[in-house]
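Colleague: Could you please take a close look at the interior of this model, and at how its helices pack there? I am a first-year student, and I would be grateful for one connected account that goes residue by residue where possible.

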Amino acid sequence: MHAPLRMPGHWFDELATGGGSVEAVGFLAQGERSRRLLLIGELLSRLEERPALLGPADLGTIWRTVEEAEARKPGCAEELLIGPQVGSWLAHALRRLHGTSAGPPLWVDTGHLAAVALVAALRAGTAADLVVPAREGAVALPTLGLARLPGIPLLGFQPLHARVREGELLLAPTVRGTGATTLTLRPLTAPQSAVWWPMHRLPVGRGGPEVALDDTAPYRDLDRPIPPRRLTPRELATWQSLFAEAVTLLDPAPAPVSAERAASAERAAPASAARTDSGPGTLRVEEVRRIVPWPGRLSNGPVEGLSASTADAFGSMVVAEPPSGAALAEAMVHEFQHSKLGALLHLFTLLDDDRTEEHYAPWRPDPRHLPGLLHGAYAFVGVAGFWRNRIGDRAADPLDLAPFRFALRRLQTRTVLRTLATRAALTGPGRRLVAGLTRTVDGWLREPVDGRAVALARAAAAGHRTEWRLRHLRCAEEERAGLAAAVRSGGPFPPVRPPLLVPVAERARWQDARGALYLRPDLVAAQGPDAVSGADRPVAEPCHADVLLLRGEAAAAREAYRERWSDMPGGGNPQALAGWLLAHIALHPGHRRLLARPERFAAAVAGEGPEVWEHAAQRLAAPRPRA
């Protein structure tokens with residue numbers, strides 16, 4: 001029998017800071033290995049019970065091939081089985097067997113196990129004779145690349161004969177007369193050609209480990225299989241350059257910091273978190289196993305800045321091509337934080353799995369459930385730490401935005417940690433984790449940061465929260481009617497009641513266009529109303545009123561938002577109303593309480609023109625008499 005996994009408490013506490021030593025992260029990898037082997041056992045059991053699920057392939061032949069490879073070269077097959085390429089496929093295949101996911105004919109998904117066995121044989125130098133599924137005449141070999149039969153392409157999904165002898169692979173169609181011909185190649189050494197697309201490799205260091213850049217594997221996305229999308233030579237060169245920059249930024253050599261900040265950091269964090277190679281925001285790049293270039297485009301906007309990961313593939317991440325090496329490094333830190341927390345959740349129950357999407361997440365446009373908040377908090381502790389480590393590094397941060405980014409993320413993350421501590425049903429380990437993250441962020445909040453950066457961070461955080469509430473929350477019907485009547489009659493306002501979520505069907509996707517301007521000081525400094533957007537630009541883009549607000553021209557911004565509201569079809573939009581409120585608060589700081597419940601202001605002025613807004617704002621912001 002195998003001994004149970006027991007994590008030493010100090011390793012858990014290291015991870016609870018948002019960082020983690022080599023040993024702590026290694027323990028997570030060990031836990032993922034155990035889980036992966038259990039899932040493979042479940043898959044094999046199901047396929048043994050129903051051999052027809054494999055179609056023309058034979059489970060006994062496949063698994064003997066894996067065992068022979070492992071016997072010839074110990075560790076070879078296991079390393080393959082616990083890698084992210086197999087993890088993504090295995091999770092999808094099990095979801096197919098459970099009926100919770102869709103995809104190609106089931107034998108194609110389950111039969112991918114034969115392709116895994118082929119790779120094991122190739123790596124170990126053993127022989128194999130198997131039937132593998134092909135998609136449009138191509139066979140994906142996990143970790144190696146994509147083999148494409150020459151001749152007329154096979155259509156749809158077809159079984160192929162595959163034979164391996166001493167590192168040489170032969171693929172042949174099982175049906176004659178299709179026009180496709182036999183392919184012979186040596187996948188471990190063959191260069192790129194029309195019939196062989198090898199896996200791209202990104203070196204972490206000269207002669208050191210490599211990270212796969214995967215643009216061909218069918219299971220490289222988060223769930224459903226997707227077709228290959230080969231990078232062009234220009235795209236590949238861009239990724240190679242960006243990755244090299246990111247590796248340099250993530251080098252564990254400490255950046256120069258002032259004596260005051262170093263002393264503050266030492267007081268704020270435990271010794272394990274203060275180490276340059278294990279604190280929040282650091283990343284040992286060799287722990288990343290695979291990067292998948294974002295495989296498509298979104299129907300509602302650009303993909304720049306997007307990244308994602310899944311707990312099924314530890315150390316793997318999907319990343320849209322970033323604009324800089326620093327942006328790639330930030331995305332890698334962000335997504336590896338998700339990998340660490342996903343692995344922790346496989347070992348510990350941290351909170352009840354309440355999937356009610358009703359909570360505010362400062363980095364999202366939509367309401368989130370509590371498990372999503374926990375993931376976001378853990379990821380953005382890493383992001384905040386990353387930018388904290390970049391402060392003063394003008395090579396990595398030429399626009400000197402690191403102080404603002406750090407100040408913003410520490411503030412937003414603390415807001416979410418407060419929600420988790422008060423609203424989530426945390427277990428003992430969950431409370432320990434949230435308490436550890438809170439200590440990290442509270443320590444950061446005591447660190448001195450440039451005053452203007454802190455002010456901008458507070459403004460950006462308030463702007464996002466205000467517009468989020470205007471878009472997703474509304475007052476109950478009785479409260480709405482009372483607020484509107486009070487504005488018209490001058491009578492008392494109704495008491496505050498808990499807000500209601502806007503129904504999902506009525507929500508429109510939005511982007512925090514005003515918030516994005518904080519990262520574009522060049523646009524904010526530009527002169528004229530056309531510097532950012534013209535009259536034909538969509539509402540999701542920043543407008544001239546946003547620029548005026550960020551410049552500190554609050555009176556002009558308030559008037560511009562008033563005009564923008566009046567010019568919009570249907571009488572306005574939440575972006576303009578939120579902007580007007582933010583500009584009004586800048587002119588009247590004593591009215592800041594309006595931002596606590598902006599949906600009450602929206603209800604009070606519903607159907608009224610901007611000419612009554614200031615009157616309504618003054619009345620709503622007035623102190624309420626004590627009961």
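**The buried interior and its helix packing**

Modeller: C543 is buried, because its relative accessibility of 3% is under the 20% cut-off for that class. The same reasoning applies to C76, which counts as buried because its relative accessibility is 7%. As for disulfides, the structure holds 0 of them. Please keep in mind throughout that this is a predicted model.

Some overall values help to place these residues. The protein has 627 residues, and 52% of them count as buried. Its secondary structure comprises 23 helices and 14 strands. The exposed area is about 28100 Å², of which carbon and sulfur atoms supply 54%. Consider also the contacts between residues at least 6 apart in sequence: 69% of these join residues at least 24 apart.

L433 provides an instance of a contact set that draws on distant parts of the sequence. This residue lies in helix α14, which covers residues 428-445. Is L433 buried or exposed? It is buried, because its relative accessible area is 0%. Setting aside residues up to four places away in sequence, L433 touches F12, L15, A16, L341, L344, L350, L374 and Y378. The separation between L433 and E14 shows how folding brings such residues together: they are 419 residues apart in sequence, while their C-alpha atoms are 9.7 Å apart in space.

We may now turn to L594, which is not placed in a helix. L594 is in the loop between α21 (574-587) and α22 (598-604). Even so, L594 counts as buried because its relative accessibility is 4%. Which residues are in contact with L594, once its neighbours within four places in sequence are left aside? They are L581, H584, I585, A617, L620 and A621. From C-alpha to C-alpha, L594 and L582 are 9.4 Å apart, with their positions 12 residues apart in sequence.

The helix α21 leads directly to the subject of packing. Two packed helices are described by the angle between their axes and by the distance between the axes. For helix α15 (residues 451-472) and α21, the axes come within 9 Å and cross at roughly 135 degrees. That angle makes α15 oblique to α21. The crossing of these helices is right-handed. On the α15 side, A462, G463, T466, E467, L470 and R471 take part, and they meet P574, Q575, L577, A578, L581 and L582 of α21. L581 therefore appears twice in this account, since it meets α15 and is in contact with L594 in the loop.

A second pair consists of helix α2 (residues 22-49) and helix α5 (residues 84-98), which pack at an angle of about 40 degrees with their axes 10 Å apart. α2 and α5 are therefore oblique to each other. α2 passes α5 in a left-handed crossing. Residues R36, L39, I40, E42, L43 and R46 of α2 make this contact with V86, G87, W89, L90, L94, L97 and H98 of α5.

A third pair is formed by helix α8 (residues 233-249) and helix α11 (residues 325-347), whose axes come within 8 Å and cross at roughly 70 degrees. What does this angle imply for the orientation of α8 to α11? It makes α8 roughly perpendicular to α11. The crossing in which α8 passes α11 is right-handed. In α8 the contact involves W239, L242, F243, E245, A246 and L249, and in α11 it involves G325, A326, L328, A329 and M332.

Finally, two loop residues between strands deserve attention for their backbone angles. E136 is found in the loop between β1 (128-135) and β2 (138-141). The phi angle of E136 is near 55 degrees, a positive value in a residue other than glycine. E136 is partly exposed, because its relative accessible area is 47%. T143 lies in the loop between β2 and β3 (145-148). Its phi angle is near 75 degrees, again a positive value in a residue other than glycine. T143 counts as buried because its relative accessibility is 13%. Thus a loop residue may fall in the buried class, as T143 does, or in the partly exposed class, as E136 does.

Terms used. Residues numbered from 1 in each chain as written. Predicted model: local features only at pLDDT ≥ 70, side-chain atom pairs only at ≥ 80, totals over all residues. Heavy atoms only, no water. Helix = DSSP H or I, 4+ residues; strand = E, 2+ residues; numbered from the N terminus. Buried < 20%, exposed > 50% of the residue type's maximum accessible area, 1.4 Å probe, protein only. Contact = heavy atoms within 4.5 Å. Areas by Shrake-Rupley, 256 points an atom, 1.4 Å probe, with all protein chains shown as cover. Disulfide = S-S within 2.5 Å. Axes fitted to C-alpha atoms, helices over the stretch in contact; angles between N-to-C directions. Parallel < 35°, antiparallel > 145°, perpendicular 65-115°, else oblique. Left-handed = near helix turned anticlockwise from the far one by under 90°.
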